[in-house]
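Reader: I have a new model open and would like to learn how to read it feature by feature. Could you walk me through it?

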Amino acid sequence: MERSPLTMMIFVGILVGGAQAASFRFLNNCTSTLWVATLAGAGTASLPRTGFELGSGASASLKAPPAWSGRFWARTGCAGGSPGSFKCATGDCGTGKIECGGAAGSPPATLVEVTLGTGGGADFYDVSLVDGFNVPVSVAPRRRGGGCRAASCPADVNAACPSELQVVGSDGTTVVACKSACDAIGDPVFCCTGEYGGAAACRPTVYSEVFKRACPLAYSYAFDDASSTFTCAAAATATAGYLVTFCP
Ligand SMILES: *[C@@H]1O[C@H](CO)[C@@H](O)[C@H](O)[C@H]1NC(C)=O
C-alpha cells in the first residue's frame, strides 16, 4: 500500500513527538521500609500508582506519560491494620490507605519534583527541602551526557535539625523529620510571603542555611533556584527515565 504524504507525516510525527513516556525507577536503599507517594501536577494524569510499599533494598518502576509533571516523596513509620486506618509518622497523605489518590503529603517531607519535556524539550527536576525533610533522596537521569546530573539531598538532615524544627517520633527521642522554618515558625521572612515575596526579597535564613549546608544540591528555600534546579534533554526513548533513590 502506498502511504500518502499526510499519512507519513502523521506516522513520523507519532514516532518523533508522541508516546515518549519516561519511566521512574524507585530504589529504597534505606534500612527501613518506606511507603512511596506520587502526586501528579495540575493538568497531568496520575501515575499508575499513587502510593506503594517499598521494603528495604526493594525497587519498583512506574511509567509516566509524555509531559508528565509531579512530585514524589517517601512516607515513614506507616501502619494500619483495619481498612481506612493506614497512617504514617511522616509524609502522610491522609487517605487512610496506601494509595494517596491525588492527595498531597503532610509536611515535613523531602520532595522530588519533576517536569518532563516533550518534542525535544528539556526535563526539569529537583530535590526540595522547602516543605522540610524526612529521608535522604536523589533523582538521577538514567542516561549519560548532555550535562545531565543528579539532584540530591543525600545527607541525614534530621541529625543536623535545630531543636525548634524537629519532629520527634513516637519513642519520644528519635528525630524523624525536620520542619521548614515557615511551617515551624510561620513568619513571612521564612515563608517568602508578604513583603518577603518574590525572588529579590526572599533571602536565605539561618534555617535555610542549615538545609543548604547539609544538602547543597537541593532547594533550601522557595527561591533557591540558582543551585537547585536541574535539567536534562527530554528522554529520547521509552526506556530512558530517572532513578529515584531513597538513602542514596
Ligand atoms: C546505599 O547506601 C550505602 C550507605 O548506606 C551507600 O554506600 C551506597 O552507595 C548506597 N547505594 C545506592 C545505590 O545508592
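Author: Happy to! Keep in mind that this is a predicted model. Let's begin with the overall picture.

Reader: Good. How many helices and strands does the protein have?

Author: The secondary structure consists of four helices and 13 strands. Of the 248 residues, 42% are buried. To see how the chain folds back on itself, look at sequence separation: among contacts with a separation of 6 or more, 62% are between residues 24 or more positions apart.

Reader: And what does the protein expose to its surroundings?

Author: About 11,700 Å², with carbon and sulfur atoms supplying 57% of that area.

Reader: Let me pick a single residue. Is asparagine 134 buried or exposed?

Author: The idea is to compare its relative accessible area with a cut-off: under 20% is called buried. Asparagine 134 has 3%, so it is buried. Its place is the loop between β7 (122–128) and β8 (137–141).

Reader: Which atom does the side chain of asparagine 134 reach?

Author: That side chain comes to 2.7 Å from the backbone oxygen of alanine 74. Beyond its neighbours within four places in sequence, asparagine 134 also touches other residues, including Thr76, Thr90, Pro108, Asn158 and Val176.

Reader: Pro108 caught my eye. What is the peptide bond from proline 107 to proline 108 like?

Author: For a peptide bond, check omega. Here the bond is cis, with omega near 0 degrees. Proline 108 sits in the loop between β5 and β6 (111–115).

Reader: Then let's look at β5. Where is glycine 70, and which residues is it in contact with?

Author: Glycine 70 belongs to strand β5 (residues 69–75). Setting aside neighbours within four places in sequence, its contacts are Leu39, Ala40, Gly41, Val112, Glu113 and Val114. The C-alpha atoms of glycine 70 and leucine 39 are 5.5 Å apart, although 31 residues separate the two in sequence. With a relative accessibility of 13%, glycine 70 counts as buried.

Reader: Now backbone angles. Which residues have a positive phi although they are not glycine?

Author: Two to look at are alanine 67, with a phi of about 65 degrees, and cysteine 192, with about 60 degrees. Alanine 67 lies in the loop between β4 (59–64) and β5, and cysteine 192 in the loop between α3 (188–191) and α4. Their surroundings can be read from accessibility: alanine 67, at 35%, is partly exposed, whereas cysteine 192, at 11%, is buried.

Reader: What about charged pairs: how many salt bridges are there?

Author: For these, look for a side-chain nitrogen of Lys or Arg within 4 Å of a carboxyl oxygen of Asp or Glu. The count comes to one salt bridge. It joins the side chains of aspartate 224 and lysine 212, at 2.8 Å from N to O. The partners are 12 residues apart: lysine 212 is in helix α4, and aspartate 224 is in the loop between α4 (206–214) and β12 (230–233). Both aspartate 224 and lysine 212 are buried.

Reader: Last stop, the ligand. Which residues are around it?

Author: Start with the shell, then ask what touches what. Around the ligand are Leu27, Asn29, Thr245, Cys247 and Pro248. Taken alone, the ligand exposes 360 Å², of which the protein buries 33%. By class, that shell holds three nonpolar, two polar and no charged residues. A ligand oxygen atom is 2.3 Å from an N or O atom in the side chain of asparagine 29.

Definitions and conventions
Residues numbered from 1 in each chain as written. Predicted model: local features only at pLDDT ≥ 70, side-chain atom pairs only at ≥ 80, totals over all residues. Heavy atoms only, no water. Helix = DSSP H or I, 4+ residues; strand = E, 2+ residues; numbered from the N terminus. Buried < 20%, exposed > 50% of the residue type's maximum accessible area, 1.4 Å probe, protein only. Polar contact = N/O pair within 3.5 Å; in protein donor to acceptor, adjacent residues only side chain to side chain. Contact = heavy atoms within 4.5 Å. Near = heavy atom within 4 Å. Areas by Shrake-Rupley, 256 points an atom, 1.4 Å probe, with all protein chains shown as cover. Nonpolar A, V, L, I, M, F, W, Y, C, P; charged D, E, K, R; others polar.
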